[in-house]
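Please look over the sequence and the model shown here, and then follow the account below, which moves from the chain as a whole to particular residues.

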Amino acid sequence: MKKTILIHATVITVNDTNEVIYDGAVAFEGNKITYVGPTPEDLSEAGYDEVIDQKGDYILPGLINTHGHAGMSLLRGYADDLPLQQWLEDKMWPLEAQFTGDTVKWGTQLSLIEMIRTGTTTFVDMYDHMDVVAKEVDAAGMRARLCRGMIGLCSEEERQTKLKDATLFAKEWHNQADGRITVMMAPHAPYTCSPEFITQIIEKADELSLPLHIHMSETAWEVGQNEKDYGLRPVAHLEKLGMFNRPTLVAHAVHLTDEEIDILAKYNVRVSHNVVSNLKLASGVAPVPKMLAKGVSVSLGTDSSASNNNLNLFEELKLAAILHKGVNNDPVAVPAEEALRMATRYGAEGVFQEETLGSIEVGKQADLIVLDSHQAHFHPAHQPISHVVYAANGRDVKDTIVAGKFLMRNHKLLTIDEERAIYEANRVFQTLKR
């Protein structure tokens with residue numbers, strides 16, 4: 001029998017009208033939300049199996065991280081303050097080549113802990129050993145869009161092995177874990193995959209009816225290299241290859257022209273804005289206000305904690321709101337309400353699950369987080385959405401709920417052994433040949 005739970009709190013719905021219910025309640029039965037509205041007058045007689053009185057705290061949709069590489073948490077702080085290509089080719093790729101399933105397991109657990117603790121309930125992961133990642137996501141109770149990342153800088157035999165692995169993974173894991181795990185097909189980037197390889201991946205995605213995920217236009221070097229190699233900038237290149245005929249999520253999209261933004265809008269391509277990683281690697285600042293103005297769905301991603309260096313999506317949320325004000329000399333370039341939608345509703349669009357995720361509405365999945373607002377930086381309580389975007393931090397999250405199940409309650413993790421994960425992550429990193 002499904003348990004019914006009601007939580008009494010200030011409800012930040014992120015619905016169509018950005019409604020905030022100050023003395024509100026959210027109820028869910030099993031994995032779905034069944035009630036959103038004013039708190040019943042007598043909580044003791046509300047008729048629920050459990051009533052949780054958190055009056056004054058904020059309850060909002062779980063945050064959605066639309067781009068990352070969970071296993072790379074093992075490389076956090078290993079190689080900082082370098083340009084992207086040098087960082088990748090000299091530091092990241094040589095160590096990642098030594099990663100095993102065991103390495104990825106503990107790196108992923110480390111990332112899951114961090115995301116659960118800071119309010120992320122759904123994430124996109126592009127990496128290798130994805131069957132290991134899927135098992136960890138399932139055990140932890142999180143929701144994820146998983147992709148077997150395919151770098152094509154190898155022999156034809158290796159490329160076909162990667163495509164076969166990605167296909168088998170998709171067939172085995174898509175819509176598993178009670179629907180919490182879904183899959184995308186993922187060529188790494190236009191500059192690491194030949195047109196022929198990208199075309200093969202698109203065809204496989206079409207055969208399996210899966211969306212696509214790819215890094216695109218992250219650096220000026222990448223854009224120039226694409227023009228040199230193929231005579232086209234990445235957006236036109238991928239359009240020509242037919243990628244955008246399938247549902248597509250691109251990561252970064254930093255270096256775009258107005259015409260390229262029009263193309264993304266035309267095909268309803270979703271964009272993951274990785275503001276901290278892009279700034280740290282000096283990749284640039286994506287034209288987010290222009291994309292939003294033209295109807296492009298822009299969500300938030302952390303990228304890996306090797307380039308961020310954390311998975312605290314609240315940092316992306318605040319920076320997405322304030323950075324674009326500064327670079328555009330426009331205090332309303334990305335208002336707080338829009339930034340919060342980027343972390344929730346637009347995130348749901350980024351993982352192609354907007355019908356079931358991204359807001360607190362009856363019938364949607366009970367993916368919820370509760371912030372402890374009984375702290376000085378939440379007061380006076382003028383505007384809860386403003387406080388969430390400009391004042392809150394991931395460490396303010398006290399409860400994290402996915403599909404109606406508590407993964408963290410009163411700051412206590414319930415599905416992962418944090419002490420062991422930290423120990424094992426340090427152990428396996430020491431096995432890598434540096």
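In this predicted model, the mean positions of the 41 positive and the 60 negative charges of the chain lie 3 Å apart. The accessible surface over which the chain meets its surroundings comes to about 16800 Å², and 48% of that area belongs to carbon and sulfur atoms. Of the 434 residues in the chain, 60% count as buried.

The overall dimensions can be read alongside these values. Taken along the principal axes, the C-alpha atoms fill a box of roughly 70 × 45 × 40 Å. The radius of gyration of the chain is 21 Å, which agrees with the value near 22 Å that a compact globule of 434 residues would have. The secondary structure consists of 15 helices and 16 strands. If one takes the contacts between residues at least 6 apart in sequence, 72% of them join residues at least 24 apart.

Some of the links between distant parts of the chain are made by charged side chains. Side chains of opposite charge can pair when their charged atoms come close, and the structure holds 23 salt bridges. One of these is formed by aspartate 57 and lysine 398, whose closest N and O atoms are 2.9 Å apart. Because aspartate 57 belongs to strand E4 (residues 50-61) and lysine 398 to strand E14 (residues 397-402), this pair ties together parts that are 341 residues apart in sequence. Both aspartate 57 and lysine 398 are buried.

Helices H2 and H15 are linked by salt bridges as well. Aspartate 102 and arginine 427 meet through their side chains in a salt bridge, with an N to O distance of 3.2 Å; aspartate 102 lies in helix H2 (residues 101-117) and arginine 427 in helix H15 (residues 418-430), so that the pair links parts of the chain 325 residues apart. Aspartate 102 has a relative accessibility of 34% and therefore counts as partly exposed, and arginine 427, also at 34%, counts as partly exposed too. Glutamate 418 and arginine 117 form another salt bridge, here with an N to O distance of 2.8 Å. In this pair glutamate 418 is in helix H15 and arginine 117 in helix H2, and the two residues are 301 residues apart. The relative accessibility of glutamate 418 is 26%, which places glutamate 418 among the partly exposed residues, while arginine 117, at 25%, likewise counts as partly exposed. Elsewhere, salt bridges that share partners join Asp16, Arg345, Glu361 and Lys364 into one network.

What, then, is the setting of lysine 162, which is buried yet has no salt bridge? Lysine 162 lies in helix H4, which spans residues 156-173. The nearest side chain of opposite charge is that of glutamate 158, at 5.9 Å, whereas a salt bridge requires the nitrogen and the carboxyl oxygen to be within 4 Å. When residues up to four places away in sequence are not counted, lysine 162 touches Arg148, Met150, Ile151 and Cys154.

The backbone, too, has local features that deserve attention. Most residues other than glycine have a negative phi, and most peptide bonds are trans. A cis peptide bond nevertheless joins asparagine 308 and asparagine 309, with omega at about 15°, and asparagine 309 lies in the loop between strand E12 (298-300) and helix H11 (313-328). Histidine 379 and proline 380 are also joined by a cis peptide bond, for which omega is about -5°; proline 380 is found in the loop that runs between strand E13 (368-371) and helix H14 (384-390).

Positive phi values occur in loops as well. Aspartate 81 has a phi near 60°, a positive value in a residue other than glycine, and aspartate 81 sits in the loop between strand E5 (63-65) and helix H1 (84-96). With a relative accessibility of 69%, aspartate 81 counts as exposed. Phenylalanine 352 also has a positive phi, near 60°, and lies in the loop between helix H13 (345-350) and strand E13.

Technical notes
Residues are numbered from 1 along each chain as its sequence is written. This is a predicted model: local features need pLDDT of at least 70, side-chain atom pairs count only at pLDDT 80 or more; totals for chains, interfaces and linings use all residues. Side-chain values use heavy atoms; hydrogens and water are left out. Helices (H or I, at least four residues) and strands (E, at least two) are DSSP runs, numbered from the N terminus. Buried means under 20% relative accessible area, exposed over 50%, partly exposed in between (1.4 Å probe, protein chains only). Lys and Arg count as positive and Asp and Glu as negative; His and the chain ends are not counted. Contact means heavy atoms within 4.5 Å. The radius of gyration is taken over C-alpha atoms; the globule rule is 2.2 Å times the number of residues to the power 0.38. Accessible areas come from the Shrake-Rupley method with a 1.4 Å probe; for residues, only the protein chains shown count as cover. The place of a charge is taken as NZ of Lys, CZ of Arg, CG of Asp or CD of Glu.
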